[in-house]
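Subject: Structure handover

Hello,

Here is the structure I promised to send over. Please load it before reading on.

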Amino acid sequence: MVVGHDARAAGIAEATAGAAVGLDNFLLLPLGTGIAAAVVVHGVPVAGATRAAGEVGHMPVYPGGEPCSCGQRGCLEVYASAGGMARRYARRVGTSGADSQAIADAVATDPHARAVWNDATQALGTALATLTLALDPARVVLGGGLAEAGALFLDPVREALHGALAWRNPPPRAALRLRRPGGTGRRRHHGPAEGRAVRSRRLGCARPRAAGRMRVATAGLTGRGTPSGHPRAPVSRVAGYVPLREFISRLGV
């Protein structure tokens with residue numbers, strides 16, 4: 001069995017058969033109970049010095065803002081995760097039970113839902129602007145349950161992103177996408193250029209390429225995101241190298 005950081009594994013899946021096929025530089029942000037990211041630079045999913053890269057849910061977007069369960073204030077996932085939106089809405093109206101879908105349905109008629117929604121899209125746009133300036137991705141892929149909201153969510157996020165970038169353009173309009181859970185269910189067949197991009201990808205730290213082989217993490221993935229505010233467990237050991245094709249086949253993508 002091959003395991004690793006769930007968001008980075010999802011990034012490999014998108015690069016192999018999803019919205020990032022053929023790209024060597026992109027971001028994937030699954031927006032669910034919390035928010036993490038797959039950061040892919042030059043074909044490599046970046047793990048970082050302590051294997052904690054991609055915890056963008058704890059980027060401060062509103063300094064001194066509302067408290068996060070991680071101990072900080074103003075974190076992105078307090079405002080823009082599905083779980084954070086539900087908690088903020090519940091505090092405003094004094095009752096719980098509304099999820100992000102219910103909040104989306106009420107945006108047009110409920111001022112509390114509209115305020116929570118606007119805070120979420122503005123926070124995510126601000127975070128994406130920071131990530132764009134730092135990493136210059138060719139594409140940003142947004143996924144998770146909030147994808148079901150479609151243009152209601154995507155359009156204001158794009159506007160917030162564009163408004164936060166004064167001297168450069170954001171990733172092209174067609175490149176900022178919402179990835180629906182499950183995708184199309186069709187397997188993508190790769191051409192030569194796409195195949196080279198896929199074969200160049202490795203799960204783990206960015207190191208000099210080694211004949212198309214990749215490090216395979218063998219601990220630290222539970223298969224699900226951790227509860228909001230709790231960083232994912234670091235990979236504790238590495239089981240050498242295996243061919244990338246074998247790794248992808250083990251992922252089942």
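Below are the findings, by topic.

The model is predicted.

**Salt bridges**

A search of the whole structure turns up five salt bridges. Three of the pairs are described here.

Start with Arg88 and Asp119. Their side chains meet in a salt bridge, at 3.0 Å from N to O. Arg88 sits in helix α3 (residues 82-93) and Asp119 in helix α5 (residues 111-135), so this pair ties together parts that are 31 residues apart in sequence. Arg88 is buried, at 7% relative accessible area. Asp119 is partly exposed, at 23%.

Next, Asp136 and Arg168. This salt bridge also has an N to O distance of 3.0 Å. The pair links distant parts of the chain, 32 residues apart. Asp136 is in the loop between α5 and β4 (139-143). Arg168 is in the loop between α6 (151-164) and β5 (176-179). Asp136 is partly exposed, with a relative accessible area of 47%.

Then Asp155 and Arg158. Their side chains meet at 3.4 Å, N to O. Both residues belong to helix α6 and are three residues apart, so about one helical turn separates them. An α-helix has 3.6 residues a turn, so residues three or four places apart point the same way. Asp155 is partly exposed, at 31% relative accessibility. Arg158 is buried, at 13%.

There is also a network. Salt bridges with shared partners join Glu66, Arg88, Arg91 and Asp119. Two of its members, Arg88 and Asp119, are the pair described above.

**Cysteines**

How many disulfides does the structure hold? Zero. A disulfide needs two cysteine sulfur atoms within 2.5 Å. Cys68 is in none, and its nearest cysteine sulfur, that of Cys70, is 3.6 Å away. Cys75 is in none either; for Cys75 the nearest cysteine sulfur is again that of Cys70, 3.8 Å away. Both distances exceed the cut-off, so neither contact counts as a disulfide.

Are Cys68 and Cys75 buried or exposed? Cys68 counts as buried, at 10% relative accessibility. Cys75 counts as buried too, at 0%.

**Cavity**

The count comes to one cavity of 30 Å³ or more. About 40 Å³ of space lies in it. The lining consists of Ser100, Gln101, Ala104, Trp117, Gly145, Leu146, Glu148 and Ala149. Which element gives the largest share of that lining? Helix α4 (residues 100-106) does, with three residues. By type, the lining divides into four nonpolar residues, three polar and one charged.

**Helix α1**

Helix α1 covers residues 6-17, which is 12 residues. At 1.5 Å a residue, α1 should span 16 Å. The end C-alpha atoms of α1 are 16 Å apart, which agrees.

Nine of the 12 residues of α1 are buried, so this helix is largely enclosed by the rest of the structure. The buried residues are Asp6, Ala7, Arg8, Ala9, Gly11, Ile12, Glu14, Ala15 and Thr16.

Best regards

Terms used: Residues are numbered from 1 along each chain as its sequence is written. This is a predicted model: local features need pLDDT of at least 70, side-chain atom pairs count only at pLDDT 80 or more; totals for chains, interfaces and linings use all residues. Side-chain values use heavy atoms; hydrogens and water are left out. On a 1 Å grid over the protein atoms alone, a cavity is a set of points where a 1.4 Å probe fits but cannot get out, and a pocket is an open set with protein on both sides within 12 Å along at least five of seven lines; lining residues have an atom within 4 Å of a point. Grid points are joined across faces, edges and corners, and a volume is the space filled by probe spheres set on the points. Helices (H or I, at least four residues) and strands (E, at least two) are DSSP runs, numbered from the N terminus. Ala, Val, Leu, Ile, Met, Phe, Trp, Tyr, Cys and Pro count as nonpolar, Asp, Glu, Lys and Arg as charged, and the others, Gly among them, as polar. Buried means under 20% relative accessible area, exposed over 50%, partly exposed in between (1.4 Å probe, protein chains only). A salt bridge is a side-chain nitrogen of Lys or Arg within 4 Å of a carboxyl oxygen of Asp or Glu. The expected span of a helix is 1.5 Å times one less than its number of residues.
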